[in-house]
Amino acid sequence: MTAPAHALRLRSGAGRGTLLAAILASGMVFLDSTVVNVALPRLGAELGATIAGLQWTVNGYLLTLAAFVLLGGALGDRFGRRRLFLLGVVWFAVASVLCGLAQDTGWLVAARFLQGAGGALLTPGSLSVLQSSFHPDDRGRAIGAWSGLAGVTTALGPFVGGWLIDALSWRWIFFINLPLAVAVILAALRWVPESRDEDASRSGGKRFDVAGALLGALGLAGVTYALIDAPVRGLRSLPVLLAVLVGVLGAVAFVLVERRRGEAAMLPTGLFSSRLFSALNLFTVVVYAALGGFTFFFAVYLQNVVGWSAVRTGLATVPMTVLLLVGSARAGALSARIGPRLPLTVGPVIAAAGLLLLRRVGPGTSSYWVDVLPGVLLFGLGLTLVVAPLTASVLAAVADRFAGVASGFNNAASRVGGLLAVAALPLLVGLSGTGYQQPAELTHAYRGALAWCAGLLLAGAVTAGLLVHRPPRPARPS
């Protein structure tokens, strides 16, 4: 592997500064991903939001992030990875301030759309900066440190966010991004070297697939709008039917455009000639839909029905994140020895058992250790068996030259799963309007939603058991 022109060493000041910038930037994105759910009851009450408003608060961010994350990576390759990374940080920070200043639900949702677009520039940029800046001998350790420390921010996020919500206001979960962004910008300007893919720059924009990104976003937006609006307007209302039509046409046009562009597309459709790659991404959508649906309902339920504070709610799922941090490497090693099928089959079953235990949580819940922790631990253990084997298998299912786009698409697929779950579950369990503020109505919806999520996990287990196999080993050079 060739070292980059300005190869950084991890022990150097510039190397540590570059790593710091990447960790803090990723921490901003992870913080808002984990904490917004905890803030939903407070911001919903203050802004007078319906359940649809809460859904769009989560999904506006997920939609633009999922739709544009692949394009964000391609933009960085062509125009400069540090440049796009910095643009993403500034964009994300400005959108965060707009979120914190929101005076009504429409304002907040619009700002969340903008925040997701900034995240789409920032998320691939954090990893690509490390990949392109460090010497090959230090690259693996730098990425490992980034992954581990960014995971720590994910674990601390619910606690910090819950404390900010209780002590100050839900608005501070967005305002906190401003000083973080300033620190990232100063570190990046001082230490992060610029880099780009010279082949992409010379190609005259061959990989610059704006049409694909816009059509993908249109397809997701149409389906999401229809699912969220259906409880209010009715499944057969004209706006809902038009949204479904727009979503379907957008998705079909996206596939046709990507197929025509071939390997120059944002998402080369030839990747799906690998049955393993297709099965793994179907598995990803299903499993992450269960995760997204659970976290959306759980945080609101603990506060509006059980009566917990925001900080206690944020702490409730920390053991799950700790399990992921501690156990993912071991799960990856196990998968490398025995293949991914068993972990990807058993993991969702264990996670489903955890959700079924958590359905018992209710208004009379008094002990976290007895009533909540066992289900959270089972759910976390199941996810731990899934995450690392899934990522490794996705990368191994395609040729090395497609590793970046395969990883990016799988990341987008996980967000699409959460997006669709948050959009569909309130419709499926009959929760609409301000029903999330009524304990009896929310209890019925929560238990139904967790049953659906457990069913999705079991469907994922069946998918893995039937369709997933050990990826082929790369041929050794003769």
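How many cavities of 30 Å³ or more does the count come to? The count comes to two. That is one of several things I noted while going through this model, which is a predicted one. My points follow, in case they help you as you turn the structure around on your screen.

1. Let me start with the second largest cavity. The space inside this cavity is about 30 Å³. Its lining is made up of I51, F296, F297, V300, L431, Y436 and L442. Helix α11, residues 275-306, gives the largest share of that lining, with three residues. By class, the lining holds seven nonpolar residues, with no polar and no charged ones.

2. Next comes an open site, the second largest pocket, with a volume of about 700 Å³. There are 27 residues lining this pocket, and those closest to its centre are L220, F254, L267, F409 and V416. If you would like to find the pocket by its helices, look for α2 (51-79), α9, α10 (238-261), α11 and α16 (403-429), each of which supplies at least two lining residues. The largest share belongs to α10, which contributes six residues. Sorted by class, the pocket lining has 19 nonpolar, six polar and two charged residues. Helix α11 is therefore worth selecting in your viewer: it gives the largest share of the lining of the second largest cavity, three residues, and it is among the helices that supply at least two residues each to the second largest pocket.

3. Now to the charged pairs. The structure holds five salt bridges, and I will go through some of them here. One of them joins the side chains of R171 and E46, at 2.9 Å from N to O. This pair ties together distant parts of the chain, 125 residues apart: R171 sits in the loop between α5 (136-167) and α6 (172-175), while E46 belongs to helix α1 (residues 13-47). Is R171 buried or exposed? R171 is buried, because its relative accessible area is 14%, which is under the 20% cut-off. E46, on the other hand, is partly exposed, at 45%.

4. A salt bridge within a single helix comes next. The side chains of R141 and D138 meet at 2.7 Å, N to O. Why are these two residues about one helical turn apart? The reason is their spacing: they are three residues apart in helix α5, so about one turn separates them. D138 is buried, with a relative accessible area of 3%, whereas R141 is partly exposed, at 46%.

5. Helix α9 (residues 210-233) has a salt bridge of its own, and its two partners, R233 and D229, are four residues apart, about one turn of the helix. Salt bridges with shared partners also join R9, D138 and R141 into one network, so the R141 and D138 bridge from the previous point is worth viewing with R9 displayed as well. Returning to the α9 pair, the closest N and O atoms of R233 and D229 are 2.3 Å apart. D229 counts as buried, at 13% relative accessibility, and R233 is partly exposed, at 47%.

6. On helix packing, have a look at α13 (residues 318-338) and α15 (residues 368-396). Their axes lie 7 Å apart, and the two helices pack at an angle of about 35°. The crossing of α13 past α15 is right-handed. By class, their contact has 16 nonpolar and six polar residues, with no charged ones.

7. Finally, two single residues that you may like to click on. G222 is in helix α9 and counts as buried, at 6% relative accessibility. The C-alpha atoms of G222 and L241 are separated by 9.6 Å, with the two residues 19 apart along the chain. V90 is in helix α3 (residues 81-100) and counts as partly exposed, because its relative accessibility is 40%, which falls between the 20% and 50% limits. V90 and V184 are 94 residues apart along the chain, and their C-alpha atoms are separated by 9.6 Å.

Terms used. Residues numbered from 1 in each chain as written. Predicted model: local features only at pLDDT ≥ 70, side-chain atom pairs only at ≥ 80, totals over all residues. Heavy atoms only, no water. Salt bridge = Lys/Arg side-chain N within 4 Å of Asp/Glu carboxyl O. Buried < 20%, exposed > 50% of the residue type's maximum accessible area, 1.4 Å probe, protein only. Axes fitted to C-alpha atoms, helices over the stretch in contact; angles between N-to-C directions. Left-handed = near helix turned anticlockwise from the far one by under 90°. Nonpolar A, V, L, I, M, F, W, Y, C, P; charged D, E, K, R; others polar. 1 Å grid on protein atoms, 1.4 Å probe; cavity = no way out; pocket = protein on both sides within 12 Å on 5 of 7 lines; lining within 4 Å. Points joined across faces, edges and corners; volume = space filled by probe spheres on them.
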